[in-house]
Amino acid sequence: LFFLMIRRPPRSTLFPYTTLFRSITVWSKQHENVWKVLQETGRYTVKREYIIKDLKEHSELVLDTYEWLVKNGPDYGNKPADVEFPVWVSFRQDATMLPEKGRVILELEIEESLITRVNFTKWGMILNYSYIPADKADEKRHKELLEAYGVSDTQAYMSQFYPEIKREIRESWKRLFDDDIQIGSDGCYGNIWEVRREWVKNVIQ
């Protein structure tokens, strides 16, 4: 017979052990059907078809950046196999804006470690196909490169004629998760892979 003996940590170290799994409250604005899915199945994940239906003609532009976000996020290794894209959450209720017809705001209590933080400003730059500079010198160098070709980041990214610039832009996006690189606001959104019914503490309609 084998016995596993677990030692109680010293009293002075109890605090770190109790804070390993800290729950926080976040909010997520969703279509009212999401709440119905949660009530019926107990779980909701984002599918490609939902984004296409929601964004219509703009969906392909956004999906390009979303696909990059999924594959390059620090929590990619924990993505469930059936999940296609993350669910966006806000750390402040007022950031979800006012309720609107056909939408609900889900108030969630969730383990903080399950949330990937995404900087407002840098994510906005990615959505606009912009270069995220490492520092002022790098920003100046990249700007001079664009001026030499007579194009903007967006034009270079969406064109087939500037593959090197496009590659440089996409490579710079990895700085999204580098907290040492601060650009504009330090505010963040949150990404989670799924929403579970038991996390929902309130539904604002």
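Here are some short exercises on the structure above, each with a worked solution.

**Before you start**

This is a predicted model, in which local features need pLDDT of at least 70 and side-chain atom pairs count only at pLDDT 80 or more, while totals for chains, interfaces and linings use all residues. Residues are numbered from 1 along each chain as its sequence is written, and side-chain values use heavy atoms, with hydrogens and water left out.

**Exercise 1: The chain as a whole**

Find out how many helices and strands the chain has, what share of its residues is buried, and where pLDDT stays under 50.

Solution.
- Step 1: take the secondary structure, where helices (H or I, at least four residues) and strands (E, at least two) are DSSP runs numbered from the N terminus. You get eight helices and eight strands.
- Step 2: look at burial, where buried means under 20% relative accessible area, exposed over 50%, and partly exposed in between (1.4 Å probe, protein chains only). Of the chain's 205 residues, 36% count as buried.
- Step 3: check pLDDT, the predictor's confidence in each residue, from 0 to 100. Its mean over the chain is 89, and 89% of the residues reach 70 or more. Residues 1–19 are where it stays under 50, and for them the model has three contacts (heavy atoms within 4.5 Å) beyond four places in sequence.
- Step 4: turn to contacts with a separation of 6 or more; 80% of these in the chain join residues 24 or more positions apart.

**Exercise 2: Helix α4**

Work out how the reach of α4 fits its number of residues, and which elements help cover its buried residues.

Solution.
- Step 1: α4 runs over residues 59–72, so it has 14 residues, and the expected span is 1.5 Å times one less than that number. From first C-alpha to last, α4 reaches 20 Å, close to the 20 Å expected.
- Step 2: pick out the buried residues of α4, which are Ser59, Val62, Leu63, Thr65, Tyr66, Trp68, Leu69 and Val70.
- Step 3: see what lies over them. The cover includes helices α3 (48–55), α5 (120–127) and α8 (163–172), along with strands β3 (87–90) and β6 (188–192).

**Exercise 3: Pockets and a cavity**

Describe the largest pocket, the second largest pocket and the largest cavity.

Solution.
- Step 1: get the terms straight. On a 1 Å grid over the protein atoms alone, a cavity is a set of points where a 1.4 Å probe fits but cannot get out, and a pocket is an open set with protein on both sides within 12 Å along at least five of seven lines; lining residues have an atom within 4 Å of a point. Grid points are joined across faces, edges and corners, and a volume is the space filled by probe spheres set on the points.
- Step 2: the largest pocket holds about 1200 Å³ of space. It has 33 lining residues, with Lys29, Gln30, Asp54, Tyr66 and Arg103 closest to its centre. Two or more lining residues come from each of β1 (23–31), α2 (32–41), α3, α4, β3 and α5.
- Step 3: the second largest pocket holds about 190 Å³. Among its 14 lining residues, Arg117, Leu176, Phe177, Asp179 and Cys188 sit closest to the centre. Strand β5 (residues 116–119) gives the largest share of this lining, three residues.
- Step 4: one cavity of 30 Å³ or more turns up in the whole structure. The largest cavity has a volume of about 90 Å³. Leu69, Gly73, Thr116, Asn191 and Trp193 are the closest to its centre of the 13 residues that line it, and α4 and β6 each give two or more residues to the lining.

**Exercise 4: Four single residues**

Place Ser172, Asp138, Tyr129 and Asp82 in the structure.

Solution.
- Step 1: Ser172 is in helix α8 and counts as buried because its relative accessibility is 1%. Not counting residues up to four places away in sequence, Ser172 touches Ser130, Tyr131 and Ile132.
- Step 2: Asp138 belongs to helix α6 (residues 136–149). At 13% relative accessibility, Asp138 is buried. Leaving aside neighbours within four places in sequence, its contacts are Tyr131, Pro133 and Arg175.
- Step 3: Tyr129 lies in the loop between α5 and α6 and is buried, at 5% relative accessibility. Its phi is near 60°, a positive value in a residue other than glycine. Most residues other than glycine have a negative phi.
- Step 4: Asp82 sits in the loop between α4 and β3 and, with a relative accessible area of 35%, is partly exposed. Asp82 and Thr45 are 37 residues apart in sequence and 8.1 Å apart in space, C-alpha to C-alpha.
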